[in-house]
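Please open the model in your viewer and keep the side chains switched on, since this tour moves from one selection to the next.

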Amino acid sequence: MGSLQDFISGNKSATYAMNTNLPDIYGLAKCHNDLSQEECNLCFLEAKNKLTKCIPAPGGSVYLDGCFLRYENYNFFDESIQKNSSISICGAPTDITNDQYMKRDFAARVDRAIVNVTSMSIVNDGFGATIVKSGLLAIYALGQCWDYLQPEICTECLNNAGDMLRKCLPAAEGKAMNAGCYLRYSSNKFFGNGALVLADKGPTKCQNAWVIAVIVLSSILGIFAILGAFLGYRRYSQEKGGTKRVHKIPLALETSKLNFKYEMLEKATGGFDPLNKLGQGGSGTVYKGVLPDGKNIAVKRLLYNTRQWAEEFFNEVTLISGIQHKNVVKLLGCSIEGPESLLVFDYVSNRNLDQVLFDKNKRQFLSWKDRFQIILGIAEGLAYLHEGSKAKIIHRDIKNSNILVDDELVPKIADFGLARRFAPHKTHVSTGVAGTLGYLAPEYLLQGCLTEKADVYSFGVVTIEVACCIKSNVFVSDSGSVLQSVWRNYKLNKITESIDSRLMSDFQELEASRVLQLGLLCTQTRRFSRPSMSQVVTILRNQEVEIPVPMQPPFQNSSLLAPPDTTGSCTVTKDSFCSEWHSTDGISIHSSEVASISSSQSSDFSIGESSRLLKIS
């Protein structure tokens, strides 16, 4: 793995062979050509971490949406198809399945996209991307053969993958992964802007007009290129002799009030003195600081610091900084020009909710009124993020330690290091899984399917934890987790027995019962069964509103059964589509889950364990 990493860090592709007196080892790593080198390096590191879990199997493969990594005890470099590792994953059906004409038209466009991208890949060093458009409908496709495959072997591999994908129709998305190639189509764009795209708009009567338009456009672009080169040279000449920086921050940030100088923040925190450390999370460490005008701030040192990430990050800062809500921590700005990236927040004098509830040294007793107002405040903050701001913002990591409380116990949602924004027309995105086990919705944990309902699920867990003062990952004697205990009491018609016993019945029974029932409703297995956060706020504010009857939540310790792998090799995939889940007696089963577990593993494992076995971090 170390040798592969050395080679792939500059080439996006590498092979390695070690022939000694010990068993032979062969390795191959390949990033899709639409990835930048930085994205390739990050994808390889993720794949390497997953692949190590296959040891001591004699071989293993990791397919990610961007790269491929494999090792074997034999030379597999010329393989294009391997029966035991060929996998296809189909997405949810399209909305046109009831219209036979549109169904056939959709299938024809998918077929043309597969043919186009296969042909393009064969003549373009094994890589191709295409768009087949007709009116508002567009089909995107990407094909990638691993390097070192001869053209005829690449052709065989992609043709086989294409046959696998055609069986997915009329699904809106499909992926096929062979030993030597990767092929995918989707009705949504999924490949990077670095892809060389072949556009296919279908038959047209205006081909001559298009040729003329292309020539004119090329001429205009040429003029702009010359002008840009001149202006760039002029600016370079003006800056020559001055301080040279390899990466300059975006001009918009340099002139923005959101921009903080790194040196000023370093001084404000006493050089990031450990005595000023407020806390540490998965995305960075937070320090208290004091600006020259005496204003207290919280400064977060982030772990990520690539150029591309910094520019995208500034766009997120611009969005989140506009949020003005009493239950969301105010983001004051950022700094990305120094040796590390920093976020600047308003300082909240009290602690986070996790410390208030569970820290032996800092905990304090909260009355039921305090708890209810905290739960309501979190709900209102999330409802604003989902529906009240300019774009839908999904936090992705709602938990007690990311909820700050001020001196008056007003909750404030913090830590947007994992937040994602949605365009108005987007219903979901497929993304790498990030967050905290125990708070992750099942469709996000095992599929990477991210919607606002992932935050709703996390809110449901937090609601039950606050009401019961028990962490969801703590098991209470023979009662199991707190979710199981609340569910059991709900079915026995004594749900308020789950409320924190220290309250000594000093709470409104109807209100407490509704809060716990709402928590169960928010943690439903099926995301469509969960309410929106605006509906949650309405339920909390109005006791006259009837709460739908919840079904059994997906308990974290429920067992899943997976057939043992008899091939002696380990294959890892991650399905990024939003298909539905079903729950029976606390056992969550996903209809399109694909996993081959090493035969040395037990066939009985929990959801938390399965996420590790599926190599989803």
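Begin by selecting Tyr-26, Tyr-74, Phe-76 and Phe-77, which together form one aromatic cluster in what is a predicted model. Across the whole structure there are eleven aromatic pairs, and one of them is Tyr-74 with Phe-76, an edge-to-face pair with 6.4 Å from centre to centre and 75° between the planes. Colouring by accessibility separates the two partners, because Tyr-74 is partly exposed at 28% relative accessibility, whereas Phe-76 is buried at 2%. For another edge-to-face pair, go to Phe-190 and Phe-191, where the centres are 5.3 Å apart and the planes make an angle of 75°; here Phe-190 is partly exposed at 23% and Phe-191 is buried at 5%.

Return now to Phe-76 and add Arg-70, which lies over the face of this ring at 4.1 Å from the ring centre. Arg-70 also meets the side chain of Glu-79 in a salt bridge of 3.0 Å, N to O. Of these two charged partners, Arg-70 is buried, with a relative accessibility of 0%, while Glu-79 is partly exposed at 22%. A further charge over a ring can be seen by selecting Arg-371, whose charged end sits over the ring of Phe-365, 5.8 Å from its centre.

The next stop concerns the salt bridges, of which a search of the whole structure finds 19. Select Arg-184 and Asp-65, whose side chains meet at 3.6 Å, N to O. Arg-184 belongs to strand 9 (residues 181-186) and Asp-65 to the loop between strand 3 (59-64) and strand 4 (67-72), so this salt bridge ties together parts that lie 119 residues apart in sequence. Arg-184 is buried, with a relative accessible area of 6%, and Asp-65 is partly exposed, with 39%.

Move on to helix 3 (residues 100-123), which holds both Asp-105 and Arg-109, four residues apart and so about one turn of the helix. Their side chains form a salt bridge of 2.9 Å, N to O, in which Asp-105 is partly exposed at 25% and Arg-109 is buried at 12%. Then extend the earlier selection to Asp-65, Glu-173, Lys-175 and Arg-184, which salt bridges with shared partners join into one network.

Finish at the surface with Tyr-16, Met-18 and Ile-25, which make a nonpolar patch of about 220 Å². Ile-25 is placed in strand 2 (residues 25-31) and is partly exposed, with a relative accessible area of 31%.

Conventions: Residues are numbered from 1 along each chain as its sequence is written. This is a predicted model: local features need pLDDT of at least 70, side-chain atom pairs count only at pLDDT 80 or more; totals for chains, interfaces and linings use all residues. Side-chain values use heavy atoms; hydrogens and water are left out. Patches are made of residues with over 30% relative accessible area and no salt bridge: like charges are joined within 9 Å, nonpolar side chains (Val, Leu, Ile, Met, Phe, Trp, Tyr) within 5 Å. Accessible areas come from the Shrake-Rupley method with a 1.4 Å probe; for residues, only the protein chains shown count as cover. A salt bridge is a side-chain nitrogen of Lys or Arg within 4 Å of a carboxyl oxygen of Asp or Glu. Helices (H or I, at least four residues) and strands (E, at least two) are DSSP runs, numbered from the N terminus. Buried means under 20% relative accessible area, exposed over 50%, partly exposed in between (1.4 Å probe, protein chains only). Rings of Phe, Tyr and Trp (its six-membered ring) pair if their centres lie within 6.5 Å; planes under 30 degrees apart count as stacked, over 60 as edge-to-face and the rest as tilted. A charge sits over a ring if NZ of Lys or CZ of Arg is within 6 Å of the ring centre and within 35 degrees of the ring normal.
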